[in-house]
Each structure stands twice: as C-alpha cells, then as structure tokens.
Amino acid sequence: MSRPRIVILCAGQSARLLGEILRRVPGMECVGYLDDDPAKRGKRFYDLPVLGGFDRLPALREEGVEGAIPVLGDLGLRLGMFEMIRECGMRPVTIVEPSVVSASDLELGEGSLVSFGTVI
C-alpha cells in the first residue's frame, strides 16, 4: 500500500514545525510546500521544495497528491484554503504528532494539527 501524498500550504515558521512533525508521522509523504510569495518559489524550505503558488493545487491533484494542510494563523484565510483544497478534489489532512497523549474516544475534525507533547 502506498503512502498518501500531501502538500503543505504556506512556507513560514509554523510550516517548518509541521515539516518536522511530518518526519515523525508514519504513513504520509510530504511532496513540498505551496506559497504565493514569488521569492520562495523554486527554493527549498525545511529540506522540501516550494513547488509554486496555491494555483498549483489542481495540477498536484492530477499528479497524485491526495491531501493538503494549510498552515497559517488567520482563521478566515485558513477556512478559505480548506474550501480551495476540497474544490480541487483533495482532502484537508489531519495530523497528530506521535508523542500526543489523547483519550481513546477523541474525534478530531478534518485539517486538525496536534503538535508535540500535547495532552488531550
């Protein structure tokens, strides 16, 4: 069985943390980042490529990328990105770092990100 391929939306400090988390989460392959900042395109960020702007989502879907996770603080922009992800046929990915301690009946919504050492 192949690992699901995902992309991270935004290449900022929070995305760097997510890149580290994804190194620890088994079963996912991160292909890189998308960011609308032209200065970041074509460069490497946290050892992964910045593949272009957000307009590349549909092309990545055609290349077999199944999911994406937006990483930015503005809730309105983040919700808009969730819609953009769904519109191109991808799914918002939920990621839980392996050190997280949680109740056995915990249910997280799509696009949730739970970081290092969290206890829920």
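**Exercise 1. Work out how exposed the two partners of the Arg41–Asp36 salt bridge are.**

Solution. The side chains of Arg41 and Asp36 form a salt bridge, with 3.7 Å from N to O. The model is a predicted one. A residue is buried under 20% relative accessible area, exposed over 50%, and partly exposed in between. Arg41 has 37% relative accessibility, so Arg41 counts as partly exposed. Asp36 has a relative accessible area of 42%, and is therefore partly exposed.

**Exercise 2. Describe the overall fold and decide how the protein compares with a globular protein of its length.**

Solution. Begin with the secondary structure: the protein has three helices and eight strands. Read from the N terminus, the order of elements is β-α-β-β-β-α-β-α-β-β-β. Next, take the radius of gyration, which is 14 Å; the globule rule gives 14 Å for 120 residues, so the protein is as compact as a globular protein of that length. Along its principal axes, the C-alpha trace spans about 40 × 35 × 25 Å.

Then turn to burial and contacts. Of the 120 residues, 39% count as buried. Among contacts between residues at least 6 apart in sequence, 54% join residues at least 24 apart. The accessible surface comes to about 6600 Å², and carbon and sulfur atoms account for 53% of that surface.

**Exercise 3. Find the buried residues of helix H1 and say how they are arranged around its axis.**

Solution. Helix H1 covers residues 13-24, which makes 12 residues. From first C-alpha to last, H1 reaches 18 Å, close to the 16 Å expected at 1.5 Å a residue. The buried residues of H1 are Ala15, Leu18, Gly19, Ile21 and Leu22. Seen down the axis of H1, these residues fall within an arc of 165°, so they line one face of the helix.

What covers them? The cover of the buried residues of H1 includes strands E1 (5-9), E2 (29-34), E3 (44-45), E5 (67-70), E7 (95-96) and E8 (113-114).

**Exercise 4. Compare the positions of the salt-bridge partners in helices H1 and H3.**

Solution. The structure holds eight salt bridges. In one of them, the side chains of Arg23 and Glu20 meet at 3.8 Å, N to O. Both residues lie in helix H1, three residues apart, about one turn of the helix. Arg23 has a relative accessible area of 48%, so Arg23 is partly exposed.

Now take helix H3 (residues 75-87), where Glu83 and Arg86 also lie three residues apart, about one turn of the helix. Their side chains meet in a salt bridge at 3.6 Å, N to O. Glu83, at 39% relative accessibility, counts as partly exposed. Arg86 is partly exposed too, with a relative accessible area of 37%.

One further step concerns partners that are shared: salt bridges of this kind join Glu20, Arg23 and Arg24 into one network.

**Exercise 5. Locate Ala103, classify its exposure, and state how far it lies from Met28.**

Solution. Ala103 sits in the loop between E7 and E8. Its relative accessibility is 38%, so Ala103 counts as partly exposed. Between Ala103 and Met28 there are two separations to report: 75 residues in sequence, and 23 Å in space from C-alpha to C-alpha.

Methods. Residues numbered from 1 in each chain as written. Predicted model: local features only at pLDDT ≥ 70, side-chain atom pairs only at ≥ 80, totals over all residues. Heavy atoms only, no water. Helix = DSSP H or I, 4+ residues; strand = E, 2+ residues; numbered from the N terminus. Expected span 1.5 Å × (residues − 1). Buried < 20%, exposed > 50% of the residue type's maximum accessible area, 1.4 Å probe, protein only. Arc of directions from axis to C-beta. Contact = heavy atoms within 4.5 Å. Rg over C-alpha atoms; globule rule 2.2 N^0.38 Å. Areas by Shrake-Rupley, 256 points an atom, 1.4 Å probe, with all protein chains shown as cover. Salt bridge = Lys/Arg side-chain N within 4 Å of Asp/Glu carboxyl O.
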